[in-house]
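Here is a short set of exercises to work through with the coordinates open beside you. Try each task before you read its solution.

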Amino acid sequence: MSDKLNYKSLEKAGYDGYILKDAPVKVLQFGEGNFLRAFVDYWFDMSNEKAGWNGKAAVVQPIAQGLTKLINAQEGLYTLYLRGSENGEKVNRKRVISVIDKCYNPYEADDYKSIVDIVKSPDLEYIVSNTTEAGIVYDPSVKADDTPQASFPGKLTALLYQRFKAGLDGLTILSCELIDNNGKELEKCVLHHADDWGLGDDFKKWLDEKCLFCSTLVDRIVPGRIRDAEEVKKITEENGYEDDLIDVGEVFGVWYIEGPEGLEDKLPFKKAGLNVHVVPEVAPYKKRKVRILNGAHTSFVLGAYLAGFDIVRDCMHDDVIHGYMNKILYDEVIPILPLDKEDCKNFAAAVTDRFNNPFVDHQLLSISLNSTSKWKARDLSSLLEYYQKFDKLPEGLCMGFAAYIAFYSTDIQRRENDALICRRPAGNEYRVCDDVWVLDFYYEHKDSDDKTLVHDVLSNKKMWDEDLTQIKGLEAKVLEDLTTIRTKGAKEAYASIQ
């Protein structure tokens with residue numbers, strides 16, 4: 001039987017990769033889950049190896065239940081597998097991450113005292129967080145003398161106040177929660193608590209002048225676990241140790257941090273040659289991600305499913321589906337994005353590798369969930385901006401709009417509580433899952449002719465916030481494309497516009 005992973009068992013197993021056992025704690029990290037360990041901790045660990053950063057992260061378990069005991073039992077070590085496709089080649093990289101010093105549960109008194117001591121250390125430079133989208137909220141019930149405060153902003157305010165009282169310099173706070181302006185929203189919550197708790201103008205001035213709250217955009221798919229028991233057994237035998245914290249992420253990863261120019265030289269990532277960038281604003285990069293990565297998914301998967309495909313990877317191996325996706329990205333989306341075009345093209349090229357991940361069977365039906373709101377946020381915006389900029393309709397996105405309508409209305413069988421049951425041309429039934437009112441709308445139109453259906457979809461302001469029949473030529477174009485999908489099939493319809 002193999003030993004549990006720790007520094008001694010790692011040495012015994014003959015691991016010859018990079019490991020850093022001792023270094024000062026420079027990062028206080030709120031969150032110990034799979035994402036932060038495959039993303040933020042990976043970047044800092046690489047910085048230790050490539051840039052001699054010589055830093056460790058102390059991890060705080062944000063809620064009462066978590067991974068503190070598991071992490072400490074393995075002395076902060078865990079094995080990270082980055083898997084996917086690069087330039088069409090299968091990649092499976094293994095790295096033991098050694099950047100974590102220790103994990104703390106703030107709901108235990110001794111651990112909370114240790115966290116306060118870390119915050120009051122002159123070695124500390126950064127606070128990083130990923131406490132879920134619900135983590136950055138202002139809770140008026142949280143009090144200054146709670147130990148600890150229930151909310152993350154409450155905990156952060158109390159800890160920063162301790163550092164302020166110790167007469168130390170401020171910190172750089174890097175928020176990774178998946179909300180817009182995550183850093184600025186966190187700063188608002190902290191300032192609100194400072195006011196409510198009467199912590200004084202000097203503290204607020206210190207926050208404003210000495211602390212830097214950075215909004216960031218994170219991009220890496222992290223499946224997290226290896227669920228196959230046989231694979232876990234094989235990995236354990238190969239590694240020579242048992243690891244209860246194995247983590248899995250895709251090969252691609254990029255981190256955009258909103259901050260002043262000098263921050264890039266302060267952070268260790270640029271020196272280490274990593275795909276982490278300090279930018280004046282993260283909003284354009286979020287728009288790029290939503291329009292290219294997410295928009296590509298939403299634009300092609302619905303028609304691809306009707307054409308008989310089930311998995312994203314298989315779509316990338318088909319010249320028609322892949323070609324259709326590329327037409328949308330390179331001819332219709334990239335020309336309207338407010339970023340360097342070559343940079344956007346490189347990002348789009350990486351999308352093919354990401355969708356072609358040989359380790360992930362990404363089901364088209366799972367992507368199809370709530371496609372109405374997804375189409376509005378990811379693709380309709382591109383369609384309208386393209387029309388406004390070039391005074392003509394984008395052929396690929398119009399076809400994608402028709403494919404969305406076709407997916408929601410092909411051979412409707414029945415209405416269930418949480419789904420609309422349709423049947424695709426191959427003969428099998430499939431579930432359309434969306435908001436109740438959306439499903440009701442399409443079920444009520446199950447006997448409508450396509451002309452009526454297209455008109456009523458495009459004119460539905462609840463769906464799109466405007467009457468899209470007012471866009472010159474759009475209604476006729478979508479109807480024409482829907483007719484092609486119905487009569488010739490989605491694949492031939494996609495082929496017709498390349």
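**Exercise 1. Strand β9 and its neighbours**

Task: Work out whether β9 is mostly covered or open, and find which strands pair with β9.

Solution: Begin with the cover. Strand β9 spans residues 212-219, and seven of its eight residues are buried. Keep in mind that this is a predicted model.

Next, look for partners. Strand β8, residues 172-175, pairs with β9 in the parallel sense over four bridges. Within this pairing, L174 stands opposite C214 of β9.

Then turn to strand β12, residues 254-258, which pairs with β9 in the antiparallel sense, again over four bridges. Two positions help you check the register: T216 has I257 of β12 as its bridge partner, and L217 stands opposite Y256 of β12.

**Exercise 2. The two sides of β12**

Task: Which residues of β12 point one way, and which the other way?

Solution: A general point comes first. Side chains in a regular strand alternate between the two faces of the sheet. In β12, V254, Y256 and E258 point one way, while W255 and I257 point the other way.

Now add the accessibility. Residues on both sides are buried, in line with the count for β12 of five buried residues out of five.

Finally, follow the pairing onward. β12 runs parallel to strand β13, residues 276-279, and four bridges join them. I257 stands opposite V278 of β13, and I257 is also the bridge partner of T216.

**Exercise 3. Reading the salt bridges**

Task: Find how many salt bridges the whole structure holds, then examine the pairs R93 with E86, D265 with K270, and K287 with E385.

Solution: The search of the whole structure returns 33 salt bridges. As general background, side chains of opposite charge can pair when their charged atoms come close.

Step one is R93 with E86, where the closest N and O atoms are 2.6 Å apart. R93 has 41% relative accessibility and so counts as partly exposed. E86 is partly exposed too, with a relative accessible area of 29%.

Step two is D265 with K270, where the closest N and O atoms are 3.9 Å apart. The cut-off for a salt bridge is within 4 Å, so the 3.9 Å of this pair meets it. D265 counts as exposed because its relative accessibility is 61%, and the exposed class starts at over 50%.

Step three is K287 with E385, whose side chains meet at 3.3 Å, N to O. This pair links distant parts of the chain: K287 belongs to helix α11 (residues 283-306) and E385 to helix α16 (residues 371-390), 98 residues apart. K287, at 26% relative accessibility, is partly exposed, and E385, at 25%, is partly exposed as well.

**Exercise 4. Charges in a network and in a patch**

Task: Which residues are linked with D411 in a network of salt bridges, and which residues form a negative surface patch with E238?

Solution: For the network, D411 is linked with R414, E416, D418, R423, E429 and R431. D411 lies in the loop between α17 and β14 (414-416). The residue is partly exposed, with a relative accessible area of 41%.

For the patch, E238 is joined by D228, E230 and E237. E238 is found in helix α9, residues 229-239, and counts as exposed because its relative accessibility is 55%.

**Exercise 5. Backbone details**

Task: Find where the cis peptide bond is, and inspect phi of N87 and of D411.

Solution: The cis peptide bond joins T147 and P148, with omega about -5 degrees. P148 is found in the loop between β7 (126-129) and α6 (152-165).

N87 has a phi near 50 degrees, a positive value in a residue other than glycine. N87 sits in the loop between β4 (78-86) and β5 (89-97) and is exposed, with a relative accessible area of 74%.

D411 also has a positive phi, near 50 degrees. This is the D411 of the salt-bridge network in Exercise 4.

Note on methods
Residues are numbered from 1 along each chain as its sequence is written. This is a predicted model: local features need pLDDT of at least 70, side-chain atom pairs count only at pLDDT 80 or more; totals for chains, interfaces and linings use all residues. Side-chain values use heavy atoms; hydrogens and water are left out. Buried means under 20% relative accessible area, exposed over 50%, partly exposed in between (1.4 Å probe, protein chains only). Two strands pair if DSSP finds at least two bridges between them. Patches are made of residues with over 30% relative accessible area and no salt bridge: like charges are joined within 9 Å, nonpolar side chains (Val, Leu, Ile, Met, Phe, Trp, Tyr) within 5 Å. Accessible areas come from the Shrake-Rupley method with a 1.4 Å probe; for residues, only the protein chains shown count as cover. Lys and Arg count as positive and Asp and Glu as negative; His and the chain ends are not counted. The place of a charge is taken as NZ of Lys, CZ of Arg, CG of Asp or CD of Glu.
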